[in-house]
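Here's a friendly walk through one protein model, sheets and helices first and the ligand last. Keep the picture open while you read.

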Amino acid sequence: MPSFPFDRDPLAWLDETAARAGQVRWIGPGRLCVYDADIARTLLVDEAGRVADHSDFFGNSPTVLAPRDRQIALARDALALVQAHLRTVDCAAEAASLDAQSEWPAAGSALLLRIMRPVLAAPGRSPQFQAALDHVVATRILSRHQAPKGLVRRAWDRFRFFRAFSREPAAGRLEGDLLDALLRHAGDLEEEALVQLYAGFVFATVGSVGFALGWSLLLAAERDRIGYPRPSHLVHEALRLFPVAWLFERSTTGHDEIGGETVTPADVLTISPYAIHRHPAYWEEPLAYRPERWQGRTGRIPWFPFGAGAHSCVAAGLTLEFVGSLLAAVADRQPSVERLGGGPSLGAALAPPRFLLRLAR
Ligand code: HEM
């Protein structure tokens, strides 16, 4: 059983401490949480080389794709593929395809899987691979609000995906999907690392984007702001209150002092956009939902839903634009929402609670 308040209920703990913690605060043995936006930015941007190079997306050994040049090349190709594909997507048609009543966030992930499928697995991929993609979405994303599965079931899920994945490259390369991009840059990366990286792309394109849409819809419809003239501000405000990537972890390269506390490379620096986005020092009425606060806001904003610095999300701008367009298209169908009980679901990503979305036909 977790014995530290942060581990028992991280969001409640961050909410409770955001206003009164200083710049930093220990949240468990060897874990220092950063509440100060400038310190967080300095650590993420890390011009002085004080922080060990790390990307939550590319991960650490054995998942790491090295050297860094390869990560950059893969990220660039992946972004180009997703960008080219999203240009072909008709958001109005996608919104029209939603049922008059759907249960979210699952329906959001299903929508994003349909939209992103051609870029995740080109139409020429084998039926087994397409099924494995469905399966990984079902087991890693859609099942978040269900009871956790047992060890045997999880091992079987993993095995199934590995089997489909390992057979696929033999079928020949297909241009134009993320698996192909991955294989081009993978070098001699082990299969386990390949699968994890591919799952990372599935999670980003289907999970994170779907959750961002879900939060934006839920908050805007609940507060009767669905017709707000700047849909992008609805997305900004949703990701301020509920940043899907709610926590980054880093460590220092040597002994260092952060916010007056001494840290060693063995300590984990926890940088939480969730805490910084709710800090009263940076935001007026931080807990209030106010999309209009984004009107004309420029300069250095203590807002990190896509990270900062060299490892920040390559798809941040694209994602904001696309979620805004989908949101505007759904808004045309006069949405209303009803919560189904339960809170946000917290894992590597912060997913919205279950809710019903009702749409005019
Ligand atoms: C709402 C949607 C998304 C959110 C909230 C999100 C969030 C993030 C965050 C916070 C990071 C930085 C992690 C760190 O500093 O350790 C990141 C990195 C990254 N994201 Fe996203 N992301 C989203 C969508 C996407 C999409 C659609 C793609 C597809 C191309 C993508 C590709 C990447 C890549 C390749 C990196 C690694 C950058 C690097 O380390 O150089 N993300 N993302």
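Let's begin with an open sheet of 3 strands, ordered 3-11-8 and paired antiparallel. Two strands count as paired if DSSP finds at least two bridges between them. Helices (H or I, at least four residues) and strands (E, at least two) are DSSP runs, numbered from the N terminus. Strand 3 (101-104) and strand 8 (336-339) are the edge strands, each pairing on one side only. On average, neighbouring strands here are turned by 25° against each other, direction ignored.

A word on what you're looking at: this is a predicted model, where local features need pLDDT of at least 70, side-chain atom pairs count only at pLDDT 80 or more, and totals for chains, interfaces and linings use all residues. Residues are numbered from 1 along each chain as its sequence is written.

Back to the sheet. Strand 3 and strand 11 (residues 355-358) run antiparallel and are joined by 4 bridges. Look for Glu-103, whose bridge partner in strand 11 is Leu-356. Helix 6 (residues 106-120) lies across strand 3 and strand 11, at about 95° to strand 3. Helix 10 packs on this sheet too, touching strand 3, strand 8 and strand 11, and its direction makes about 100° with that of strand 8. Contact here means C-beta atoms, placed from the backbone, within 7 Å. Axes are lines fitted to C-alpha atoms, for helices over the stretch in contact, and angles run from 0 to 180 degrees between N-to-C directions.

Now for the other sheet. This open sheet has 4 strands in the order 1-2-7-4, with mixed pairing. Strand 1 (24-28) and strand 4 (248-250) stand at its edges with a single partner strand each, so one side of each has no neighbour in the sheet. Its neighbouring strands are turned by 30° against each other on average, direction ignored. Strand 1 pairs with strand 2 (residues 31-34) in the antiparallel sense over 4 bridges, and Gly-28 stands opposite Arg-31 in strand 2. Lying across strands 1, 2, 4 and 7 (268-271) is helix 3 (residues 37-45), which runs at about 120° to strand 7.

Next, two helix pairs that share helix 13 (residues 316-331):

| Pair | Angle | Axes |
|---|---|---|
| Helix 10 and helix 13 | about 45° | 10 Å apart |
| Helix 11 (residues 231-241) and helix 13 | roughly 115° | within 8 Å |

Helix 10 is therefore oblique to helix 13, while helix 11 is roughly perpendicular to helix 13. For these words, angles under 35 degrees count as roughly parallel, over 145 as roughly antiparallel, 65 to 115 as roughly perpendicular and the rest as oblique. In helix 10, Val-209, Ala-212, Leu-213, Ser-216 and Leu-217 meet helix 13 at Thr-319, Val-323, Leu-326, Leu-327 and Val-330. That contact has 8 nonpolar, 2 polar and no charged residues. Ala, Val, Leu, Ile, Met, Phe, Trp, Tyr, Cys and Pro count as nonpolar, Asp, Glu, Lys and Arg as charged, and the others, Gly among them, as polar.

Finally, which residues are closest to the ligand? They are Ser-55, Asp-56, Phe-57, Gly-307 and Cys-313, out of 26 that surround the ligand. Helix 4 (68-87) and helix 10 (191-222) are the elements giving two or more residues to this shell. A residue is near the ligand if its C-beta atom, placed from the backbone, lies within 6 Å. By class, the shell has 17 nonpolar, 8 polar and 1 charged residue.

Definitions and conventions. Two residues are in contact if their C-beta atoms, placed from the backbone, lie within 7 Å.
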